[in-house]
Amino acid sequence: MTPGARYPAVEIAPTQVTETDECKLNRNICGHGECIMGAAGYTCLCYSGYRWHPQRRFCTDVNECEAEPCGLGKGVCMNTGGSYNCHCNRGYQLKVHKGVRSCVDIDECAKPHVCGDGGTCTNYPGHYKCDCRPGYRVKSSRQPLCKDMDECEESPCKHGWCENLPGSFRCTCQDGFAPAPNARSC
Ligand SMILES: [Ca+2]
Ligand SMILES: [Ca+2]
């Protein structure tokens, strides 16, 4: 018998309750919900994540993904029976607040030293950026950490010796040469 079809009336002894109570005849009539008997037949009080379907007359899953709860461009929504999941994109993390799942930006800058000692971190939706101080440069695009530049690789100290320093360098000059005021040449 299809859900919602009426059972034929049967002759019942006067002491018995009239068994047109569909809730009692088919305890699973609502699926994911409680059956409530009313004057116009049964209705269902559906569990969370399900809604009453007036034509099919039982509780059907809500496709929460239609409302993009994970956030457009932030994650992929996967509908499940009674709920949904978010598969968050890189740079986003799952947040569950009062049963609502969404993908929120990771504030990478909240971690100390994310850009190293030579840079300042700026958070952006889905990523972050390191701005390096003079004398530092970004290590790689995959790891935007500010690394000290080794200026001595360029041999800047003609007539002297180069010493690399964090964020800087210094020239020590050979006899007969004097360092420039900034000690960056001889
Ligand atoms: Ca669902
Ligand atoms: Ca971010």
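**Exercise 1.** State which spacing the donors of the calcium ion (ligand 2) follow along the chain, and identify the atoms concerned.

*Solution.* Step 1: in this predicted model, the donors of ligand 2 follow the pattern D-I-x1-E-x14-N-Y-x2-H. Donors are N, O and S atoms within 2.8 Å of the metal (3.2 Å for Na, K and Ca), and sites may look incomplete because water is not among the atoms.
Step 2: the protein donors are Asp-105 (OD), listed twice, Ile-106 (O), Glu-108 (OE), Asn-123 (OD1), Tyr-124 (O) and His-127 (O), and they lie 2.3 to 2.9 Å from the ion.

Residues are numbered from 1 along each chain as its sequence is written, and ligands are numbered from 1 in the order in which they are written. The model is predicted, with local features needing pLDDT of at least 70 and side-chain atom pairs counting only at pLDDT 80 or more, while totals for chains, interfaces and linings use all residues; side-chain values use heavy atoms, without hydrogens and water.

**Exercise 2.** Describe the coordination of the calcium ion (ligand 1).

*Solution.* Step 1: Asp-61 (OD), listed twice, Val-62 (O), Glu-64 (OE), Asn-79 (OD1), Thr-80 (O) and Ser-83 (O) coordinate the ion at 2.2 to 3.0 Å.
Step 2: the spacing of these donor residues in sequence is D-V-x1-E-x14-N-T-x2-S.

**Exercise 3.** Classify Thr-80 and Ser-83 as buried, partly exposed or exposed.

*Solution.* Step 1: buried means under 20% relative accessible area, exposed over 50%, and partly exposed in between (1.4 Å probe, protein chains only).
Step 2: Thr-80 has 27% relative accessibility, so Thr-80 is partly exposed. Ser-83, at 28%, is therefore partly exposed.
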